[in-house]
Amino acid sequence: MKKEFEHLTWLYVLTWPMIWLFVVWVRRRKRRGTDHTVACYSRWWDGLPAVHRMRESAAKWPALDAIYNWAPTLRGLRGWLEWYYLHGCACQALRNRYRCVVATLELAIADSIARHGEARILSLAAGTGQSVFEAAARFKGHVQIVAIDADDSALLASQTLAAHYGLTNVEWRCGNVLHPHTLAQDVQPTIIEVVGLFDYLQDATIRGLLRRLARVAAPDSVLITAHIHPHREALVIKELLDWEMTYRTRDDLERLLTSGGCSPCHLTTEPHGIFTVACGTLHL
């Protein structure tokens, strides 16, 4: 994956009215349905493999994998449409978030090795762990990783990916990500990475989770997280991908982390202004 941020916007400014017409049409179809669901919105949407995977696995690791690692497989109009959809501003922003997380992790790992001689990473709601593995691959032999997720299939995919990156000091644990103290009491991580999970939680739940993480972490451990902000494609994501999230502003994110015991926070917002990556010190 290239290191440069993606910031293609002109094509979407020109075609935005057509997207909104499609959204309005889909919403009306949903309202006419008895259970407010529609199996197929259009063969030019659901019929495209990557888009189908995103909708079918909304909020799960296969959807993120489809966006992170998309590669063209179709030709002609269907190929162009899939490229267009996978390069929407939100998809570009998600890949930008990935780049921010990797860069932030690399700095945190280097600092942890300098201070402790090693980096112990707890990846919570890890999914496939791709961003953690890419960052850790630069520091083989000095990094231990414990990946926790509630989805067995995510952890199986993660094991394959860890082998791809040549990482062997990785442990996978399946369980409730909201109670990491029951699964990671022995880890004492110097770095905690939890990216994507907060997009689906309420404020009180996040503050409680931060307190539980602080109890299992090493002193002055680093927390790396991220959040999605309100943006113009939010309704598209909700209606066309059936993917619902809790949106917070950059200021909301900073206040939430501070109230949960994480400070001082360094915030990096990617060019589309859709995601912010936060890095701070976790305190009891």
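How are α1 and α4 oriented to each other, roughly parallel or roughly perpendicular? In this predicted model, α1 and α4 are roughly perpendicular to each other, because their packing angle is about 105 degrees and angles of 65 to 115 degrees count as such. The points below begin with that pair of helices, turn to helix α7 and its surroundings, and end with several residues in loops.

**The packing of α1 and α4**

- Helix α1, which covers residues 10-32, packs with helix α4, which covers residues 76-86, and their axes are 12 Å apart.
- On the α1 side the contact is made by Leu11, Tyr12, Thr15 and Ile19, and these meet Trp80, Trp83 and Tyr84 in α4.
- Sorted by character, the residues of this contact comprise six nonpolar and one polar, with no charged residue among them.

**Helix α7 and its two sides**

- Helix α7 runs over residues 152-164, and its 13 residues reach 19 Å from the first C-alpha to the last, which is close to the 18 Å expected at 1.5 Å a residue.
- Its buried residues are Ala154, Leu155, Ser158, Leu161 and Ala162, and they lie on the same side of α7 because they cover an arc of only 115 degrees around the axis.
- An α-helix has 3.6 residues a turn, so residues three or four places apart point the same way.
- The other side of α7 carries the exposed residues Leu156, Thr160, Ala163 and His164.
- The cover over the buried residues of α7 includes the helices α3 (61-68) and α6 (130-136), together with the strands β2 (143-149) and β3 (170-174).
- Just after α7, Gly166 adopts a positive phi of about 75 degrees.

**A buried histidine in a loop**

- His272 is located in the loop between β6 (266-269) and β7 (275-281), and it counts as buried because its relative accessibility is 16%, where the cut-off is under 20%.
- Apart from neighbours within four places in sequence, His272 is in contact with Glu6, His7, Leu8, Thr9, Cys89, Gln92, Ala93 and Asn96.

**Backbone features in loops**

- Ser263 and Pro264 are joined by a cis peptide bond with an omega of about -15 degrees, and Pro264 lies in the loop between α10 (250-259) and β6.
- Ala59, in the loop between α2 (49-56) and α3, has a positive phi near 75 degrees although the residue is not glycine, and at 42% relative accessibility Ala59 counts as partly exposed.
- Ala125, in the loop between β1 (119-124) and α6, also has a positive phi, near 55 degrees, and Ala125 is partly exposed with a relative accessible area of 22%.

Definitions and conventions: Residues numbered from 1 in each chain as written. Predicted model: local features only at pLDDT ≥ 70, side-chain atom pairs only at ≥ 80, totals over all residues. Heavy atoms only, no water. Helix = DSSP H or I, 4+ residues; strand = E, 2+ residues; numbered from the N terminus. Expected span 1.5 Å × (residues − 1). Buried < 20%, exposed > 50% of the residue type's maximum accessible area, 1.4 Å probe, protein only. Arc of directions from axis to C-beta. Contact = heavy atoms within 4.5 Å. Axes fitted to C-alpha atoms, helices over the stretch in contact; angles between N-to-C directions. Nonpolar A, V, L, I, M, F, W, Y, C, P; charged D, E, K, R; others polar.
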